[in-house]
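Reader: I should like to learn how the features of a structural model are to be read. Please take them one at a time, with the general idea before the case.

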Amino acid sequence: MSGPPCLVDRWTEENNNLVRKWKEYEKRRQPLQDVRKLCYADFLKLQQKIQGLPATAEQLQLEIAASFNTLILSLSYSKPKETQHHLTNSLVRALEAVGAQVSKTDLGTLLQAVLKTFGGTVYQPCIHKLLLIQWAIWLSECQFDDILHLLQQINPRNKITPSGDLLAEIRNLTFSIQEDIPLLVAMAAKDLKDLLHICTFVSKGVEQMRKENYTEALLAFQDAATLSSPRALLAHIHTLTGLCFTKLGRPQSALQCYRMALEVDFSCQRALYQSSLVYRQLGNSHAEIEALHLLHSAVLLHTERDSSGTPAALISPDVLLGGEQMAFISQVPSPVLILHTLAHRCLLSDRNSESAEFYLDLLASLQSPDSQPHGPTIDALPFPRIPVVYLEAAFAVLKAKRFWDSITICDEVIAKTVDLVPERLLLELHHRSAGPTELAAVGVESEAVEEKLDCVLWSGAAYFLQGHAYLQLKDTKEALTSFTRAINQLVKVCVKQKCWTVSNLGQTEDSDKGVTLEALKGQTLAGRGVCFIERGQLKEALRDFQLSLQASSGCRNTEMWLVETLWRLDRKKEAAAMWQKSYNSTDSPPPVELPLYLQTWQEDATNLDHSNLNEKIEKFIHSCGDITMT
């Protein structure tokens, strides 16, 4: 039996009032999470009341409209299983209303029966609304084959579409979704269809990108860009198109797409991030830094908007594309990682004042409990260990001539690491028959080796940087003390291997740390040698420069300091012979990639102006003739 006319009218009015209530909240642009929850509960109650009576053809349109509104709100919560359950029940009741019976255990059979039963009838537009919900569920789960099968059943006579081409099927799709004016809906079926259309193109494009089919992905995104879509989604489409161009080796085309994305939505973070990577690839450091700066501001602004409860659309592209696809589409590093990259790139570009400020901001951010340094790192280097960030910051402020700030930051590193440094760490160099060289500790469990070696390097580097800061302040006494403390830390590590050289290690993580250890030892001894020179202790300086070259051979600056020291000690023939050997040498040391905080810089106090020394040595050689080492 059908419900009484007065009851049907009452339920129709209740449905329309609930839709009007939702639309009013949307117009006010209030935070909608609680409102959505309340409206969903009200629509669900209405649906339960309608379904409390047997299904009939007379009230079928009302029931489908109420079900559609309930399903739309359920879908907005990203609950596909719950939405699927309600949708299946609604389709079964639609069949029951016209006297058809079918098992609801097989969804494919159910959908086939629904399309066959209602095709060409007055109820077809209502049924197609429910099928849009099915499309949305499958799209959020990337079930493209199921979507294709459904659309082929909706358009069985479509001979134009190539077999198995989902995107072509969508282009030629005809859907009966006329609205029933007396029955209001929370979202127009046409709007939902258009959103499903463009989101399916985007999702298929992302799938092709994951398979590294960038040409096919590019075609999907270019088609999607021609469709009407929300601004944020269109910006994402332009960004994805740019990503494809980047992968296809067309950086200028990629930059053009990223500019288009930013013109559509200036807060599109992925476009800014990818722009910075392309600028880095092209060697345009100024543009890269500008993009990173804008990205950091956009991420912080986005975080503030999220915390303020900015209203969202009822069905957003995020819902239809699913969490995994959206993570791929919109992934950018965390604000802390972006800030580190910005500070790092400024430092490499000798923008020292900016770099110092960014690093200090970064250290302040790391103190915040909300910081997430280990966020997404797609296409980027992982976030360094915290002591490394502090050492980079100390190096940055040192280059910016903020010497006391550098000393203070190094004190933080020393306080956290010095107690973790072992009294002695004996390492052996193991050569495997098939594989890289490894460092292993004697008498220490393998898991603890790396951490102990790191602590030695960090504390040694902190004292080393403090020594440089004091040297810049002309306080040679404190500089000497800091360099000596650094050496005392570094000599606690001993590599047990005869005839060991940097080239023995190869390119592995362990070898990098071994190289860093010896390079830091060499630089520290050289720094202490300069302190001794400044204090007039020439014999001690000579010893440290010689030890420095033993630890890290081939450093031209240290060799010149050694020549200078020999000259001041009136060992001029030795100085001249050493000078000739250095300038005539064709053997260059193997290239070594050191941590950023151990890089040399132009205003380093240990850098020696060779010009006067060269002039003196050349005159001496000219006056004496050939010089040989005695």
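Author: A residue is called buried when its relative accessible area is under 20%, exposed when the area is over 50%, and partly exposed in between, with a 1.4 Å probe and protein chains only. By that rule, 52% of the 630 residues of the chain count as buried. The model is a predicted one, in which local features need pLDDT of at least 70 and side-chain atom pairs count only at pLDDT 80 or more, while totals for chains, interfaces and linings use all residues. Residues are numbered from 1 along each chain as its sequence is written, and side-chain values use heavy atoms, with hydrogens and water left out.

Reader: How many helices and strands does the secondary structure of the chain come to?

Author: Helices (H or I, at least four residues) and strands (E, at least two) are DSSP runs, numbered from the N terminus. The chain has 26 helices and three strands.

Reader: How is the length of helix α6 to be judged?

Author: The expected span of a helix is 1.5 Å times one less than its number of residues. Helix α6, residues 124-140, has 17 residues and covers 24 Å from its first C-alpha to its last, close to the expected 24 Å. Of the 17 residues in α6, 16 are buried. Cys142, which follows α6, has a positive phi, near 60°.

Reader: How many cavities of 30 Å³ or more does the structure hold, and which residues line the second largest?

Author: Rolling a probe the size of a water molecule over the atoms shows where empty space is left. A cavity is a set of points, on a 1 Å grid over the protein atoms alone, where a 1.4 Å probe fits but cannot get out; lining residues have an atom within 4 Å of a point. Grid points are joined across faces, edges and corners, and the volume is the space filled by probe spheres set on the points. There are two cavities of 30 Å³ or more, and the second largest has a volume of about 30 Å³. Its lining consists of Val114, Leu115, Phe118, Gly119, Gln124, Ile127 and His128. Helices α5 (107-118) and α6 each supply at least two residues of that lining.

Reader: Which aromatic pairs may serve as examples?

Author: Rings of Phe, Tyr and Trp (its six-membered ring) pair if their centres lie within 6.5 Å; planes under 30 degrees apart count as stacked, over 60 as edge-to-face and the rest as tilted. Six aromatic pairs are found in the whole structure. The ring centres of Phe118 and Tyr123 are 6.2 Å apart and the planes stand at 85°, so this pair is edge-to-face. Both Phe118 and Tyr123 are buried. For Trp567 and Phe620 the centres are 5.7 Å apart and the planes are at 85°, so this pair too is edge-to-face. The pair links distant parts of the chain, with Trp567 in helix α24 (residues 556-568) and Phe620 in helix α26 (residues 610-624), 53 residues apart.

Reader: Why does Trp567 count as buried, and why does Phe620?

Author: Trp567 is buried because its relative accessible area is 14%, and Phe620 because its relative accessibility is 16%.

Reader: Which residues does Ala224 touch, leaving aside those up to four places away in sequence?

Author: Contact means heavy atoms within 4.5 Å. Ala224, in helix α10 (residues 214-225), touches Ile198, Phe201, Val202 and Ile237. Ala224 counts as buried because its relative accessibility is 0%.

Notes. 1 Å grid on protein atoms, 1.4 Å probe; cavity = no way out; pocket = protein on both sides within 12 Å on 5 of 7 lines; lining within 4 Å.
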